[in-house]
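Visitor: I am new to this structure and would like a close look at a single part of it, the open sheet and the helices around it. Please take me through that part step by step, and then show me what lies beyond it.

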Amino acid sequence: MVDTHNYISPLIRLNAADNVAVAREQIEPAAMPDIDGLRPLERIPRGHKIATAVIARGQAVTKYGQTIGFASDDIAVGAHVHSHNLAVGEFTRDYAIGADAVVPDMVEEDKRATFMGYARPDGRVGTRNYIAIISSVNCSATVSKAVAQHFSLPGVVERYPGVDGVIALTHSGGCAFNTKTEGYDYLARTISGYATHPNVGGVLMIGLGCETNQIPALLRREGLGETDRLRTMTIQAVGGTRRTIEAGIRAVEEMMPIVGAIERTPQPASGLSLALECGGSDGYSGISANPGLGFAADLLVRHGGTVILAETPEIYGAEHLLTRRAASPAVAEKLLERIEWWRDYTARNGAEMDNNPSHGNKQGGLTTILEKSLGAVAKGGMSRLNAVYEYAERVSEKGLVFMDTPGYDPVAVTGQVAGGANLIAFTTGRGSVSGFKPSPSLKLASNSEMYRHMVEDMDIDCGTVVSGTETIEVLGHRIFDLMIATASGKPTCSEELGYGDNEFVPWQVGAVM
């Protein structure tokens, strides 16, 4: 007999209109011959879907109250629903522009959260205080890394209190491309965005000298100039590798006291710009970590902050949920224009929008890009969508905004950080571990099993929602509190493990000649 007092169903039913439910734990038919009146016909792995109604071939399969695909075969009640019997298909979406756009209920200014941050001259606020060595081209990457590595030697950076570290931001491009293309726009905006980032107190740009991405031209294009905290040099002009490394070290040493003199002071939460990201998602991501983060994101919006949703290929199929929350028709139209750009881009490159989910996503229970996107959009909460930005554009709007990026995590977050994100919240179900200097990256585990298995890499366990021991609201407040503490200097797991030196990956688009 079932103990109904403490009974938690093995199935998670997300919406009354759904014809599938999600297995809270692995379901074995022999051990569970009947679950809430439902008889499982086969093993259902944890996080995977089970049919709660007869689904005829061609009929829509619904989860979250939304279409996630169509049955590719007849599906019986109690059957496992996954790649073998579920496929993507075209259907009409109700974009209903602005229908659900509600002005957020803002927290009164004198009651808004604060954090200890670095006030910058342009009015933005830093959560960290780094010096960045930025290579203009791949040819100067080795020298840039050598300069940064000098300051990682024992006892060197400790001589300069107040500086979080010296980081090398290197990449594989910078030459053999047309400077009149969007690919150059992306690279120039990305480099400029990092050079002026609120988490960066000083910058040294190093080039080779003959590359297409000329530093003087980039500075002019982006309205930048050399100062005591923005220095430049090229290997050819200085006189080779060793001399440039030595000159670079001297330049950084001169910046150190200037950058280190900046202190943390109380700052309003409106100074936070949060990048939302998910990677290695599973069947629980859209149930626990993503909606929990969405609740925290809504809180940040109510406190006057900025939230950046991204990964255009991973909102495909759920874009109608965002157009319904668009602040204006122009915002919705720009989002739909980016979707169409991606349709053309994938077609030109012999791909399709349903190239997701990945192998790990499918193992974790996600079947189609529609299902993955519906879960991913939950990171953005329910706030009104105020703006849409292209890759690496400076984000100036407050509230929830969207940035057009690929779904590939390092490229996506690089664009968001270039746009000004000074904090990152990264949800994962399979166990992503990346860090993204200069911005701290919080890892939110969608299930408790993975959290315990990779506890040194995970900052917060969101599996409490799956187990039924915590609500989305309680989890959201817990995430928000951790965001404030992290912004004030509390190190993330990825920072403690030394991540963040290899994830600067600008989006390369266009011909390399």
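Guide: Two strands are said to pair if DSSP finds at least two bridges between them, and the elements themselves are DSSP runs numbered from the N terminus, with at least four residues for a helix (H or I) and at least two for a strand (E). This is a predicted model, in which local features need pLDDT of at least 70 and side-chain atom pairs count only at pLDDT 80 or more, while totals for chains, interfaces and linings use all residues. Residues are numbered from 1 along each chain as its sequence is written, and side-chain values use heavy atoms, with hydrogens and water left out.

The open sheet is formed by 4 strands in the order E11-E10-E12-E13, and their pairing is parallel. Strand E11 (165–169) and strand E13 (230–234) are the edge strands, each of which pairs on one side only. From one strand to the next the twist averages 20 degrees, where angles run from 0 to 180 degrees between N-to-C directions and axes are lines fitted to C-alpha atoms, for helices over the stretch in contact. Strand E10, residues 130–135, pairs with E11 in the parallel sense over 5 bridges, and within this pairing Ile 133 has Ala 168 in E11 as its bridge partner.

Two helices pack on this sheet. Helix H1 (residues 141–150) touches E10, E11 and strand E12 (200–207), and its direction makes about 160 degrees with that of E10; touching, or contact, means heavy atoms within 4.5 Å. Helix H3 (residues 215–222) also packs on the sheet, where it touches E12 and E13, and its direction makes about 140 degrees with that of E12.

A further helix leads on to another part of the chain. Two packed helices are described by the angle between their axes and the distance between the axes. The axes of helix H2 (residues 182–195) and H11 come within 8 Å and cross at roughly 55 degrees. H2 and H11 are therefore oblique to each other, since angles under 35 degrees count as roughly parallel, over 145 as roughly antiparallel, 65 to 115 as roughly perpendicular and the rest as oblique. Their crossing is left-handed, that is, the near helix is turned anticlockwise from the far one by less than a right angle, whereas clockwise would make it right-handed. Arg 189, Thr 190, Gly 193 and Tyr 194 in H2 meet Val 413, Thr 414, Val 417 and Ala 418 in H11.

The loop between strand E18 (399–403) and helix H11 (409–418) holds Thr 405. With 0% relative accessibility, Thr 405 counts as buried, a word that means under 20% relative accessible area, while exposed means over 50% and partly exposed lies in between (1.4 Å probe, protein chains only). The side chain of Thr 405 reaches the backbone nitrogen of Glu 311 at 2.9 Å. Leaving aside residues up to four places away in sequence, Thr 405 touches several others, among them Trp 342, Tyr 391, Ala 412 and Trp 507.

Another loop residue is Ala 392, placed between strand E17 (385–389) and E18. Its phi is near 65 degrees, a positive value in a residue other than glycine, and Ala 392 is buried, with a relative accessible area of 3%.

How values were computed
A polar contact is a pair of N or O atoms within 3.5 Å; within protein, one must be able to donate a hydrogen and the other to accept it, and residues adjacent in sequence count only if both atoms are side-chain atoms.
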